[in-house]
Amino acid sequence: MTHIYNFSAGPAVLPKEVLAQAAAEMLDWHGSGMSVMEMSHRGPEFISIYKAAERDLRELLAVPDNYKILFMQGGGLSQNALIPLNLAGHKPQPATIDFIHTGSWSAKSIKEAAKYANVNVAASSATSVPPQSEWKLTPGAAYLHMCTNETIDGVEYDFDSGVPASQEGVLLVADMSSHILSRRIDVSKYGLIFAGAQKNIGPAGVTIVIVREDLLGKALPACPSAFDFKLVADNESMYNTPPTYGIYIAGLVFQWLKQQGGVAEMERRAIAKAKLLYDALDASDFYETRVAKSNRSRMNVPFYLKDESKNEAFLAGAKARGLLQLKGHKSVGGMRASIYNAMPIEGVQALVDYLNEFASSAG
Ligand code: PMP
(Lines give C-alpha, C1' and ligand atoms only; values in the text may rest on other atoms or scores of the structure.)
Protein backbone atom coordinates (compact mmCIF):
# COMPACT_ATOMS: atom_id res chain seq x y z
CA MET A 1 0.00 0.00 0.00
CA THR A 2 1.17 3.51 -0.77
CA HIS A 3 2.36 5.33 2.33
CA ILE A 4 0.10 8.31 2.98
CA TYR A 5 1.51 11.70 3.94
CA ASN A 6 -1.04 14.34 4.82
CA PHE A 7 0.06 17.94 4.17
CA SER A 8 -3.21 19.56 5.29
CA ALA A 9 -3.00 22.99 6.94
CA GLY A 10 -5.53 21.97 9.57
CA PRO A 11 -7.17 19.90 10.79
CA ALA A 12 -3.86 18.21 10.19
CA VAL A 13 -1.74 15.13 10.63
CA LEU A 14 -1.52 13.74 14.19
CA PRO A 15 1.15 11.38 15.53
CA LYS A 16 0.23 7.80 14.59
CA GLU A 17 1.17 6.63 18.10
CA VAL A 18 -1.38 9.02 19.59
CA LEU A 19 -4.16 7.83 17.30
CA ALA A 20 -3.30 4.19 18.07
CA GLN A 21 -3.40 4.85 21.81
CA ALA A 22 -6.72 6.68 21.52
CA ALA A 23 -8.11 3.75 19.53
CA ALA A 24 -6.93 1.26 22.15
CA GLU A 25 -8.50 3.34 24.92
CA MET A 26 -11.66 4.21 23.01
CA LEU A 27 -14.12 1.84 24.69
CA ASP A 28 -12.59 1.58 28.13
CA TRP A 29 -10.24 4.26 29.41
CA HIS A 30 -7.82 2.81 31.97
CA GLY A 31 -10.33 0.31 33.34
CA SER A 32 -12.96 2.96 34.00
CA GLY A 33 -15.45 1.03 31.86
CA MET A 34 -16.10 4.20 29.86
CA SER A 35 -14.85 6.09 26.85
CA VAL A 36 -13.35 9.50 27.68
CA MET A 37 -16.25 10.93 25.67
CA GLU A 38 -18.72 9.51 28.16
CA MET A 39 -17.10 10.81 31.34
CA SER A 40 -18.32 13.68 33.45
CA HIS A 41 -15.92 16.59 33.12
CA ARG A 42 -16.12 16.93 36.91
CA GLY A 43 -15.33 13.29 37.70
CA PRO A 44 -11.92 12.18 39.01
CA GLU A 45 -11.01 10.38 35.76
CA PHE A 46 -11.41 13.38 33.51
CA ILE A 47 -9.95 15.78 36.09
CA SER A 48 -6.79 13.64 36.09
CA ILE A 49 -6.66 13.80 32.26
CA TYR A 50 -7.15 17.56 32.36
CA LYS A 51 -4.53 18.18 35.02
CA ALA A 52 -1.93 16.06 33.21
CA ALA A 53 -2.58 17.91 29.94
CA GLU A 54 -2.25 21.29 31.66
CA ARG A 55 0.91 20.27 33.50
CA ASP A 56 2.55 18.82 30.39
CA LEU A 57 1.79 21.86 28.24
CA ARG A 58 3.15 24.12 31.00
CA GLU A 59 6.32 22.05 31.08
CA LEU A 60 6.72 21.87 27.28
CA LEU A 61 6.44 25.65 26.85
CA ALA A 62 8.04 26.53 30.21
CA VAL A 63 4.97 28.62 31.06
CA PRO A 64 5.74 30.74 34.16
CA ASP A 65 3.61 30.34 37.29
CA ASN A 66 1.97 33.73 36.87
CA TYR A 67 0.30 32.61 33.64
CA LYS A 68 -2.97 30.69 33.38
CA ILE A 69 -3.53 28.08 30.69
CA LEU A 70 -7.13 27.94 29.48
CA PHE A 71 -8.63 25.17 27.34
CA MET A 72 -11.49 26.92 25.57
CA GLN A 73 -13.96 26.32 22.77
CA GLY A 74 -14.63 28.55 19.78
CA GLY A 75 -11.47 28.17 17.71
CA GLY A 76 -8.87 30.74 16.80
CA LEU A 77 -11.32 33.11 15.16
CA SER A 78 -13.45 33.50 18.26
CA GLN A 79 -10.39 34.84 20.04
CA ASN A 80 -10.37 37.78 17.63
CA ALA A 81 -13.46 39.00 19.49
CA LEU A 82 -12.75 37.52 22.92
CA ILE A 83 -9.32 39.10 23.32
CA PRO A 84 -10.55 42.67 22.75
CA LEU A 85 -13.54 41.93 25.01
CA ASN A 86 -11.20 40.69 27.75
CA LEU A 87 -8.19 42.98 27.40
CA ALA A 88 -9.42 46.33 26.04
CA GLY A 89 -11.05 47.08 29.40
CA HIS A 90 -7.67 47.91 30.91
CA LYS A 91 -7.78 51.25 29.05
CA PRO A 92 -10.35 54.08 28.87
CA GLN A 93 -12.98 53.29 26.24
CA PRO A 94 -12.81 53.17 23.34
CA ALA A 95 -9.34 51.68 23.55
CA THR A 96 -6.95 51.40 20.62
CA ILE A 97 -5.39 48.11 19.59
CA ASP A 98 -2.27 47.98 17.42
CA PHE A 99 -1.85 45.25 14.82
CA ILE A 100 0.95 43.99 12.64
CA HIS A 101 -0.62 42.80 9.40
CA THR A 102 1.35 39.99 7.78
CA GLY A 103 -1.34 38.02 5.95
CA SER A 104 -4.82 36.57 5.95
CA TRP A 105 -5.17 35.66 9.63
CA SER A 106 -3.95 38.95 11.04
CA ALA A 107 -6.26 40.67 8.52
CA LYS A 108 -9.21 38.77 9.99
CA SER A 109 -8.14 39.72 13.51
CA ILE A 110 -8.03 43.40 12.57
CA LYS A 111 -11.51 43.33 11.04
CA GLU A 112 -13.08 41.63 14.05
CA ALA A 113 -11.36 43.79 16.67
CA ALA A 114 -12.73 46.90 14.97
CA LYS A 115 -16.16 45.93 16.36
CA TYR A 116 -14.89 46.46 19.90
CA ALA A 117 -12.08 49.02 19.72
CA ASN A 118 -10.22 51.44 17.51
CA VAL A 119 -7.67 49.57 15.46
CA ASN A 120 -4.35 50.82 14.17
CA VAL A 121 -2.43 48.83 11.59
CA ALA A 122 1.10 49.61 12.74
CA ALA A 123 2.77 47.85 9.82
CA SER A 124 1.61 45.79 6.86
CA SER A 125 2.93 43.24 4.37
CA ALA A 126 1.82 39.77 3.22
CA THR A 127 5.22 38.46 2.17
CA SER A 128 7.42 39.44 5.11
CA VAL A 129 7.37 40.76 8.67
CA PRO A 130 8.00 44.52 8.35
CA PRO A 131 11.10 45.61 10.30
CA GLN A 132 10.32 46.74 13.83
CA SER A 133 11.90 50.14 13.14
CA GLU A 134 8.95 50.79 10.79
CA TRP A 135 6.17 49.83 13.21
CA LYS A 136 3.96 52.85 13.97
CA LEU A 137 2.69 51.95 17.43
CA THR A 138 0.03 53.96 19.28
CA PRO A 139 1.14 55.34 22.64
CA GLY A 140 -1.23 53.96 25.28
CA ALA A 141 -2.61 51.17 23.06
CA ALA A 142 -4.31 48.32 24.93
CA TYR A 143 -2.00 45.81 23.28
CA LEU A 144 -0.17 44.84 20.09
CA HIS A 145 -1.58 41.86 18.19
CA MET A 146 0.59 39.76 15.89
CA CYS A 147 0.06 36.49 14.08
CA THR A 148 3.47 34.89 14.50
CA ASN A 149 2.88 32.32 11.77
CA GLU A 150 0.51 33.09 8.90
CA THR A 151 -0.84 29.70 7.90
CA ILE A 152 -2.11 30.75 4.46
CA ASP A 153 0.65 33.10 3.39
CA GLY A 154 3.55 31.21 4.96
CA VAL A 155 5.04 34.20 6.81
CA GLU A 156 6.67 33.42 10.16
CA TYR A 157 8.30 35.80 12.60
CA ASP A 158 12.00 35.27 12.99
CA PHE A 159 12.22 35.43 16.77
CA ASP A 160 15.98 35.10 16.65
CA SER A 161 16.24 38.56 15.16
CA GLY A 162 14.85 40.09 18.33
CA VAL A 163 11.10 40.04 17.65
CA PRO A 164 9.43 40.69 19.93
CA ALA A 165 12.19 41.22 22.46
CA SER A 166 12.69 44.86 21.61
CA GLN A 167 9.04 45.79 22.18
CA GLU A 168 9.64 46.44 25.89
CA GLY A 169 6.67 47.98 27.64
CA VAL A 170 4.21 46.94 24.92
CA LEU A 171 1.68 44.26 25.82
CA LEU A 172 2.05 41.57 23.19
CA VAL A 173 -0.75 39.27 22.06
CA ALA A 174 0.23 36.48 19.67
CA ASP A 175 -1.79 34.14 17.49
CA MET A 176 0.46 31.08 17.43
CA SER A 177 -2.20 28.71 16.06
CA SER A 178 -0.06 27.17 13.35
CA HIS A 179 3.38 26.99 14.93
CA ILE A 180 2.91 26.61 18.67
CA LEU A 181 5.15 23.85 20.08
CA SER A 182 7.35 23.88 16.97
CA ARG A 183 9.94 26.30 18.34
CA ARG A 184 11.09 27.52 21.71
CA ILE A 185 9.40 30.72 22.86
CA ASP A 186 9.81 32.96 25.86
CA VAL A 187 6.25 33.09 27.20
CA SER A 188 7.17 35.87 29.63
CA LYS A 189 7.52 38.28 26.69
CA TYR A 190 3.79 38.01 25.96
CA GLY A 191 0.64 39.10 27.74
CA LEU A 192 -1.39 36.48 25.94
CA ILE A 193 -0.74 33.66 23.48
CA PHE A 194 -3.54 31.76 21.77
CA ALA A 195 -3.74 28.81 19.43
CA GLY A 196 -6.44 26.68 17.87
CA ALA A 197 -5.55 23.04 18.42
CA GLN A 198 -6.05 21.58 14.98
CA LYS A 199 -2.48 21.92 13.70
CA ASN A 200 0.16 21.09 16.29
CA ILE A 201 -1.99 20.17 19.30
CA GLY A 202 -4.91 17.90 18.52
CA PRO A 203 -8.38 17.82 17.00
CA ALA A 204 -10.39 20.93 16.15
CA GLY A 205 -12.56 22.14 18.98
CA VAL A 206 -9.98 23.09 21.59
CA THR A 207 -8.41 26.53 21.77
CA ILE A 208 -5.47 27.16 24.06
CA VAL A 209 -5.13 30.55 25.74
CA ILE A 210 -2.06 31.33 27.84
CA VAL A 211 -2.64 34.58 29.68
CA ARG A 212 -0.78 36.56 32.33
CA GLU A 213 -2.78 36.58 35.56
CA ASP A 214 -2.77 40.35 36.08
CA LEU A 215 -4.67 40.77 32.78
CA LEU A 216 -7.70 38.88 34.09
CA GLY A 217 -10.80 40.51 35.58
CA LYS A 218 -11.29 43.54 33.33
CA ALA A 219 -13.63 42.08 30.71
CA LEU A 220 -15.98 44.56 29.04
CA PRO A 221 -19.63 44.18 30.18
CA ALA A 222 -20.60 42.78 26.77
CA CYS A 223 -18.23 39.80 27.15
CA PRO A 224 -20.19 36.52 27.40
CA SER A 225 -19.61 34.92 30.81
CA ALA A 226 -18.49 31.61 29.30
CA PHE A 227 -15.73 33.51 27.51
CA ASP A 228 -14.62 35.77 30.36
CA PHE A 229 -11.02 34.65 30.81
CA LYS A 230 -11.18 35.26 34.58
CA LEU A 231 -14.23 33.03 35.03
CA VAL A 232 -12.66 30.39 32.81
CA ALA A 233 -9.38 30.58 34.74
CA ASP A 234 -11.02 30.56 38.18
CA ASN A 235 -12.93 27.43 37.18
CA GLU A 236 -9.93 25.65 35.61
CA SER A 237 -11.60 25.70 32.18
CA MET A 238 -14.77 24.13 33.64
CA TYR A 239 -17.03 27.15 33.95
CA ASN A 240 -18.95 25.41 31.21
CA THR A 241 -18.36 21.93 29.80
CA PRO A 242 -14.97 21.95 28.11
CA PRO A 243 -14.22 20.01 24.88
CA THR A 244 -13.29 16.92 26.87
CA TYR A 245 -12.31 14.50 24.13
CA GLY A 246 -10.19 17.12 22.36
CA ILE A 247 -8.41 17.90 25.63
CA TYR A 248 -7.71 14.18 26.09
CA ILE A 249 -6.16 13.88 22.62
CA ALA A 250 -4.19 17.09 23.17
CA GLY A 251 -2.88 15.53 26.39
CA LEU A 252 -1.72 12.46 24.48
CA VAL A 253 0.02 14.72 21.95
CA PHE A 254 1.79 16.54 24.81
CA GLN A 255 3.00 13.19 26.20
CA TRP A 256 4.20 12.21 22.73
CA LEU A 257 6.05 15.51 22.41
CA LYS A 258 7.79 14.92 25.73
CA GLN A 259 8.81 11.41 24.67
CA GLN A 260 10.23 12.79 21.42
CA GLY A 261 12.44 15.29 23.24
CA GLY A 262 10.12 18.27 23.68
CA VAL A 263 9.94 21.58 21.86
CA ALA A 264 13.70 21.91 21.33
CA GLU A 265 13.67 18.64 19.40
CA MET A 266 10.59 19.72 17.42
CA GLU A 267 12.43 22.92 16.52
CA ARG A 268 15.48 20.97 15.36
CA ARG A 269 13.28 18.74 13.20
CA ALA A 270 11.27 21.70 11.86
CA ILE A 271 14.45 23.45 10.74
CA ALA A 272 15.66 20.29 8.98
CA LYS A 273 12.32 19.58 7.30
CA ALA A 274 11.85 23.19 6.14
CA LYS A 275 15.40 23.36 4.78
CA LEU A 276 14.91 20.16 2.81
CA LEU A 277 11.77 21.51 1.16
CA TYR A 278 12.83 25.12 0.54
CA ASP A 279 16.21 24.00 -0.84
CA ALA A 280 14.43 21.80 -3.37
CA LEU A 281 12.07 24.62 -4.36
CA ASP A 282 14.94 27.11 -4.65
CA ALA A 283 16.99 24.76 -6.78
CA SER A 284 14.24 24.39 -9.37
CA ASP A 285 13.17 26.76 -12.17
CA PHE A 286 9.84 25.00 -12.28
CA TYR A 287 8.53 26.24 -8.90
CA GLU A 288 8.56 29.57 -7.11
CA THR A 289 8.03 30.85 -3.58
CA ARG A 290 7.03 34.41 -2.73
CA VAL A 291 7.88 35.01 0.94
CA ALA A 292 11.03 36.88 2.06
CA LYS A 293 13.64 34.26 2.94
CA SER A 294 14.09 35.49 6.51
CA ASN A 295 10.35 35.06 7.18
CA ARG A 296 9.70 31.75 5.49
CA SER A 297 7.45 29.61 7.63
CA ARG A 298 8.85 26.32 8.86
CA MET A 299 5.31 24.95 9.17
CA ASN A 300 3.40 26.13 6.10
CA VAL A 301 5.23 26.24 2.79
CA PRO A 302 3.24 27.88 -0.01
CA PHE A 303 4.72 27.39 -3.48
CA TYR A 304 3.61 27.89 -7.06
CA LEU A 305 4.17 26.10 -10.31
CA LYS A 306 5.42 28.77 -12.72
CA ASP A 307 3.12 27.23 -15.30
CA GLU A 308 -0.16 27.15 -13.41
CA SER A 309 -1.87 25.20 -16.18
CA LYS A 310 -0.09 22.15 -14.73
CA ASN A 311 -1.62 22.54 -11.26
CA GLU A 312 -4.27 19.86 -11.67
CA ALA A 313 -1.80 17.34 -13.09
CA PHE A 314 0.57 18.10 -10.22
CA LEU A 315 -2.11 17.48 -7.60
CA ALA A 316 -3.36 14.30 -9.30
CA GLY A 317 0.18 12.89 -9.48
CA ALA A 318 0.78 13.80 -5.84
CA LYS A 319 -2.40 12.07 -4.76
CA ALA A 320 -1.47 8.94 -6.69
CA ARG A 321 1.74 8.84 -4.63
CA GLY A 322 -0.08 9.29 -1.33
CA LEU A 323 0.89 12.97 -0.95
CA LEU A 324 -2.41 14.49 0.13
CA GLN A 325 -3.97 17.94 0.63
CA LEU A 326 -1.30 19.97 -1.14
CA LYS A 327 -3.68 22.44 -2.77
CA GLY A 328 -3.05 26.04 -1.65
CA HIS A 329 -5.73 28.05 0.16
CA LYS A 330 -8.35 29.28 -2.30
CA SER A 331 -7.56 32.92 -1.52
CA VAL A 332 -3.96 32.63 -2.73
CA GLY A 333 -3.99 29.63 -5.07
CA GLY A 334 -0.97 27.51 -5.90
CA MET A 335 0.21 24.80 -3.54
CA ARG A 336 0.90 24.60 0.17
CA ALA A 337 2.69 21.92 2.12
CA SER A 338 2.02 22.07 5.84
CA ILE A 339 4.75 20.21 7.67
CA TYR A 340 3.72 20.27 11.32
CA ASN A 341 5.35 18.42 14.22
CA ALA A 342 3.65 15.13 13.35
CA MET A 343 4.96 15.13 9.75
CA PRO A 344 8.02 12.88 9.62
CA ILE A 345 11.02 13.96 7.54
CA GLU A 346 10.33 10.93 5.33
CA GLY A 347 7.11 12.65 4.26
CA VAL A 348 9.01 15.79 3.29
CA GLN A 349 11.57 13.69 1.44
CA ALA A 350 8.77 11.94 -0.47
CA LEU A 351 7.38 15.34 -1.45
CA VAL A 352 10.82 16.59 -2.56
CA ASP A 353 11.30 13.46 -4.67
CA TYR A 354 7.92 14.07 -6.28
CA LEU A 355 8.66 17.78 -6.87
CA ASN A 356 11.82 16.86 -8.76
CA GLU A 357 10.19 14.06 -10.67
CA PHE A 358 7.20 16.16 -11.75
CA ALA A 359 9.42 19.08 -12.78
CA SER A 360 11.56 16.87 -14.99
CA SER A 361 8.65 15.05 -16.59
CA ALA A 362 6.38 18.08 -17.06
CA GLY A 363 8.95 20.89 -17.34
N1 PMP B 1 -5.31 31.89 13.22
C2 PMP B 1 -4.52 31.14 12.46
C3 PMP B 1 -3.07 31.48 12.37
C4 PMP B 1 -5.04 30.04 11.77
O5 PMP B 1 -4.25 29.29 10.99
C6 PMP B 1 -6.41 29.74 11.88
C7 PMP B 1 -7.05 28.53 11.20
N8 PMP B 1 -6.44 28.03 10.12
C9 PMP B 1 -7.20 30.56 12.67
C10 PMP B 1 -6.63 31.63 13.33
C11 PMP B 1 -8.68 30.32 12.81
O12 PMP B 1 -8.91 29.20 13.54
P13 PMP B 1 -10.39 28.55 13.67
O14 PMP B 1 -10.76 28.07 12.31
O15 PMP B 1 -10.16 27.47 14.65
O16 PMP B 1 -11.30 29.60 14.16
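Which residues in α1 meet which residues in α6? I started my notebook with that. I am working from a predicted model.

**Entry 1: α1 and α6**

I looked up the contact first. On the α1 side I found Glu17, Val18, Gln21 and Ala22. They meet Ile249, Leu252, Val253 and Trp256 in α6. Next I took the geometry. Helix α1 covers residues 16-24, and its axis lies 9 Å from that of α6. The two helices pack at an angle of about 135°. Angles over 145 would count as roughly antiparallel, and 65 to 115 as roughly perpendicular. α1 and α6 are therefore oblique to each other. I noted their crossing as right-handed.

**Entry 2: α3 and α4**

I then checked a second helix pair. Helix α3 spans residues 75-87 and helix α4 spans residues 104-113. Their axes are 9 Å apart, and the packing angle is about 45°. That makes α3 and α4 oblique to each other. α3 passes α4 in a right-handed crossing. I listed the contact residues too. α3 contributes Leu77, Asn80, Ala81 and Pro84. α4 contributes Lys108, Ser109, Glu112 and Ala113.

**Entry 3: the domains**

I turned to the division of the chain. Domain 1 runs over 20-259 and domain 2 over 261-362. I read 27 Å between their C-alpha centres. How many residues of domain 1 are in contact with domain 2? I found 24, and they touch 23 residues of domain 2. On the domain 1 side, β7 (155-156) and α6 each supply at least two residues.

**Entry 4: the nonpolar core**

I looked up the largest nonpolar core and found 106 residues in it. Ile97, Leu192 and Ile208 have the most contacts inside this core. Which helix gives the largest share? I found α6 (residues 244-260), with nine residues. Where does the core lie relative to the domains? Domain 1 and domain 2 both give residues to it, so the core lies between them. I set a general note beside this: in soluble globular proteins, nonpolar side chains tend to be buried together.

**Entry 5: Ile208**

I picked Ile208 for a closer look, as one of the residues with the most contacts inside the core. I left aside its neighbours within four places in sequence. Ile208 is then in contact with Ile69 and Phe71. Its other contacts are Phe194, Ala195, Ala197 and Ile201.

**Entry 6: α6 again**

I went back over α6. This helix meets α1 through residues that include Trp256. It supplies residues to the side of domain 1 that touches domain 2. It also gives the largest share of the core.

Definitions and conventions:
Residues are numbered from 1 along each chain as its sequence is written. This is a predicted model: local features need pLDDT of at least 70, side-chain atom pairs count only at pLDDT 80 or more; totals for chains, interfaces and linings use all residues. A nonpolar core is a set of buried Ala, Val, Leu, Ile, Met, Phe, Trp, Tyr and Cys residues joined through C-beta atoms within 7 Å. A residue is buried if 20 or more other C-beta atoms lie within 10 Å of its own, exposed if 12 or fewer, and partly exposed in between; C-beta atoms are placed from the backbone. Helices (H or I, at least four residues) and strands (E, at least two) are DSSP runs, numbered from the N terminus. Domain bounds come from an automatic or database domain assignment. Two residues are in contact if their C-beta atoms, placed from the backbone, lie within 7 Å. Axes are lines fitted to C-alpha atoms, for helices over the stretch in contact, and angles run from 0 to 180 degrees between N-to-C directions. Angles under 35 degrees count as roughly parallel, over 145 as roughly antiparallel, 65 to 115 as roughly perpendicular and the rest as oblique. A crossing is left-handed if the near helix is turned anticlockwise from the far one by less than a right angle, and right-handed if clockwise.
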